[in-house]
Amino acid sequence: MLHLGIPKRIRVGQPILLWLTLLTVGPGCSGWLDYENSSTAVVLEGMGAQCTSDWSGPLPQDFCERFNDAITRSFAEMEYQVSSEIETKGITEVDSVRLRELVLRTGDVGDPRTSQNTLGFVSEIRIYVVSKKSGTNLPQMLLAEHSAVPPTATAVILEPTKVNLVPYHKEGMELVAEVVPRTCLAADLELRFTYQVVIRYLPQ
């Protein structure tokens, strides 16, 4: 059973399935593409023996870098999936890609579930999108957040902002997590995103 961290303003319900809905007014008009999918799991290496039961203090910098790398790699697969569907539909000009839903999930963590082997090692998480282009004019933008992660959460429904991902995709992007640690992560953890995006495309 998944232990969900659910913001009040986020709708939860049916299982995440792969589906496409193309909404358009007519030939030569702009339209919208709704797309849902899930990335494959990437492994976040835990802190192992460094993570003691009485741990306190900030998370080590190398762990934070591993966390950022893991979520960036998972999100990069999402970029590829979305780009592939846009190409398959023959869409040549995309005006915007915005998140409607974003869920960070773990693989099977076994028993017992604790804060040190689940997403519960953090109490708050904010994920930012950053351009990788040197000298970019694009600011770091908040992508999604959750401010009350349960202590043994294996899935966290993040509340997305309305940031347009197209400019960041064109320049190359990475994700940066800002977290409030509850404790440390002892065990390796599989992470993946399930998501829904809304794509607005221009007349063909």
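Two residues are in contact here when heavy atoms of theirs lie within 4.5 Å. Keep that in mind as you walk through this predicted model.

**First stop: the whole chain**

Colour the chain by secondary structure. You should find two helices and ten strands. Starting at the N terminus, the elements follow the order β-β-β-β-α-β-β-β-β-α-β-β. Of the 204 residues in the chain, 46% are buried. Now switch on the surface: the chain exposes about 10,500 Å², with carbon and sulfur atoms supplying 53% of it. Among contacts between residues at least 6 apart in sequence, 81% join residues at least 24 apart.

**Second stop: Ile 71**

Select Ile 71, which sits in helix H1, residues 61-88. Is Ile 71 buried or exposed? Its relative accessibility is 1%, so Ile 71 counts as buried. Which residues does Ile 71 touch, once its neighbours within four places in sequence are left aside? Show Ile 127, Leu 175, Ala 177, Leu 191 and Phe 193, and you have its contacts. Then draw a C-alpha to C-alpha distance from Ile 71 to Arg 192: the two are 7.6 Å apart in space, yet 121 residues apart in sequence.

**Third stop: the aromatic rings**

Next, show the aromatic side chains. The model holds five aromatic pairs. Take Tyr 35 and Tyr 195: their ring centres are 6.1 Å apart and their planes meet at 55°, so the pair is tilted. Tyr 35 belongs to strand E3 (residues 31-38) and Tyr 195 to strand E10 (residues 189-201), so this pair ties together parts that are 160 residues apart in sequence. Both Tyr 35 and Tyr 195 are buried. For another aromatic group, select Phe 63, Phe 67 and Phe 121, which form one cluster.

**Fourth stop: Arg 105**

Move on to strand E5 (residues 94-106), where you will find Arg 105. This residue is buried yet has no salt bridge. How far away is the nearest side chain of opposite charge? That side chain belongs to Glu 101, and it is 7.6 Å away. Add Thr 194 to your selection to see a polar contact, side chain to side chain, with Arg 105 at 3.0 Å.

**Last stop: an unusual peptide bond**

Most peptide bonds are trans. Zoom in on Asp 111 and Pro 112, though, and you will see a cis peptide bond joining them, with omega at about -5°. Pro 112 lies in the loop between E5 and strand E6 (122-131).

Key:
Residues numbered from 1 in each chain as written. Predicted model: local features only at pLDDT ≥ 70, side-chain atom pairs only at ≥ 80, totals over all residues. Heavy atoms only, no water. Phe/Tyr/Trp six-rings, centres within 6.5 Å; stacked < 30°, edge-to-face > 60°. Helix = DSSP H or I, 4+ residues; strand = E, 2+ residues; numbered from the N terminus. Buried < 20%, exposed > 50% of the residue type's maximum accessible area, 1.4 Å probe, protein only. Lys, Arg positive; Asp, Glu negative; His and termini not counted. Salt bridge = Lys/Arg side-chain N within 4 Å of Asp/Glu carboxyl O. Polar contact = N/O pair within 3.5 Å; in protein donor to acceptor, adjacent residues only side chain to side chain. Areas by Shrake-Rupley, 256 points an atom, 1.4 Å probe, with all protein chains shown as cover.
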